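Welcome, and take a moment to look around before we start. This short tour picks a few side chains and follows them through the fold.

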Amino acid sequence: MDARQKTRREEFTKATGPFVDGLFAAALRMAGSRAEAEDLVQETLLHAYQSWDRFESGTNLRAWLHRILVNGYITAYRRKKRERRALDIDSDPGRRTMLLTSSQEALEAPDGGVHSRGLGRVLTEALDELQPEFKAVVVMADLCDLSYREIADAMGCPMGTVMSRLHRARRALAQRVTEAGYVHETVTEARAQEAA
């Protein structure tokens, strides 16, 4: 490695280092498993390093890195969706179980307790049902505390679009959680009546 490459690598590492934990937290919320999140962050950093010459010094590095992360997540999500369709998982519950990650298995637990990462089973399932663009906005805004401007930069869209997506995503989450709560209460009431 020549001196120029070494300097470039050191510059990149120094600039991006403070953002790695935040990228991992966002990736973990989006991907759902530690292994997938690690892969997503690694791919993000690799892509960022390869594109380092195109990064405009003085612009928002955090947002730029999150944009690469979100694009990588959306691409992986769509690829997985195509793969799932090809496997026709719903026709064989055994295959579905084989493809679950350990964190997804924990979410499937019958006790419905709080997930180890702080989100309940119902909320996590509702978040996973969102389209990737909506899920990414919720993760960045509510779980990673990015500003609307940073999210807009990361998503490559206007702030108005971010606010609209966030509003629609939160409304969908609230509806899903409310429906799940209603179903839970109804089942609990029915069981109580049967026992009486």
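Let us begin with Arg 176, which is partly exposed, with a relative accessible area of 22%. Keep in mind that this is a predicted model, and that every value here is computed from it.

**A bridge between two helices**

What does Arg 176 meet in a salt bridge? Its partner is Glu 125, with 3.6 Å from N to O. The two residues come from distant parts of the chain: Arg 176 belongs to helix α10 and Glu 125 to helix α7, 51 residues apart. Glu 125 counts as partly exposed, with a relative accessibility of 22%. Nor does the story end with two residues, for salt bridges that share partners join Glu 125, Glu 129 and Arg 176 into one network. The backbone around here can be followed as well: the C-alpha atoms of Glu 125 and Val 177 are 9.2 Å apart in space, while the two residues are 52 apart in sequence.

**More salt bridges**

The structure holds 8 salt bridges in total. One of them joins Asp 53 to Arg 8, with the closest N and O atoms 3.3 Å apart. Asp 53 sits in the loop between α3 and α4, and Arg 8 in helix α1 (residues 3–16), so this pair ties together parts that are 45 residues apart in sequence. Asp 53 has a relative accessibility of 63% and therefore counts as exposed.

Another salt bridge is found within a single helix. Asp 153 and Arg 149 both lie in helix α9, 4 residues apart, about one turn of the helix. Asp 153 is partly exposed, at 29% relative accessibility, and Arg 149 is partly exposed too, at 42%.

Here are three of the salt bridges side by side:

| Acidic residue | Basic residue | Closest N to O |
|---|---|---|
| Asp 53 | Arg 8 | 3.3 Å |
| Glu 125 | Arg 176 | 3.6 Å |
| Asp 153 | Arg 149 | 3.7 Å |

**From a charge to a group of rings**

Arg 8 has a second role in this picture. Its charged end sits over the ring of Tyr 49, 4.5 Å from the ring centre. Which residues are linked with Tyr 49 into a cluster by ring pairs? They are Phe 12, Trp 52, Phe 55 and Trp 64.

The structure holds 5 aromatic pairs. In one of them, Trp 52 and Trp 64 have their ring centres 6.2 Å apart and their planes at 55°, a tilted arrangement. This pair links distant parts of the chain, with Trp 52 in the loop between α3 and α4, Trp 64 in helix α4, and their positions 12 residues apart in sequence. Are these two tryptophans buried or exposed? Both Trp 52 and Trp 64 are buried.

Phe 55 pairs with Trp 64 as well: their ring centres are 4.9 Å apart and the planes meet at 45°, so this pair is tilted. Phe 55 has a relative accessibility of 15%, and therefore counts as buried. Leaving aside residues up to four places away in sequence, Trp 64 touches Ala 48, Ser 51, Trp 52 and Phe 55.

**The nonpolar core**

Trp 64 also leads us to the largest nonpolar core, which has 42 residues. Within this core, Met 30, Trp 64, Leu 69, Met 140, Ile 151 and Met 155 touch the most other members. Several helices contribute: α2 (20–31), α3 (34–50), α4 (61–87), α7 (121–129), α8 (132–143), α9 (148–155) and α10 (159–195) each supply at least two residues. Which helix gives the largest share of this core? That is α4, with 9 residues.

**Stepping back**

Now for the whole chain. Its secondary structure comes to 10 helices and 0 strands. Of its 196 residues, 32% count as buried. The chain exposes about 12,400 Å², and carbon and sulfur atoms supply 51% of that area. Among contacts between residues at least 6 apart in sequence, 61% join residues at least 24 apart.

To retrace the tour, you can go from Arg 176 and Glu 125 in their salt bridge, to Arg 8 over the ring of Tyr 49, and on to Trp 64 in the largest nonpolar core.

Notes
Residues numbered from 1 in each chain as written. Predicted model: local features only at pLDDT ≥ 70, side-chain atom pairs only at ≥ 80, totals over all residues. Heavy atoms only, no water. Core = buried A, V, L, I, M, F, W, Y, C linked by side-chain atoms within 4.5 Å. Buried < 20%, exposed > 50% of the residue type's maximum accessible area, 1.4 Å probe, protein only. Contact = heavy atoms within 4.5 Å. Phe/Tyr/Trp six-rings, centres within 6.5 Å; stacked < 30°, edge-to-face > 60°. Lys NZ or Arg CZ within 6 Å of the ring centre and 35° of its normal. Salt bridge = Lys/Arg side-chain N within 4 Å of Asp/Glu carboxyl O. Areas by Shrake-Rupley, 256 points an atom, 1.4 Å probe, with all protein chains shown as cover.
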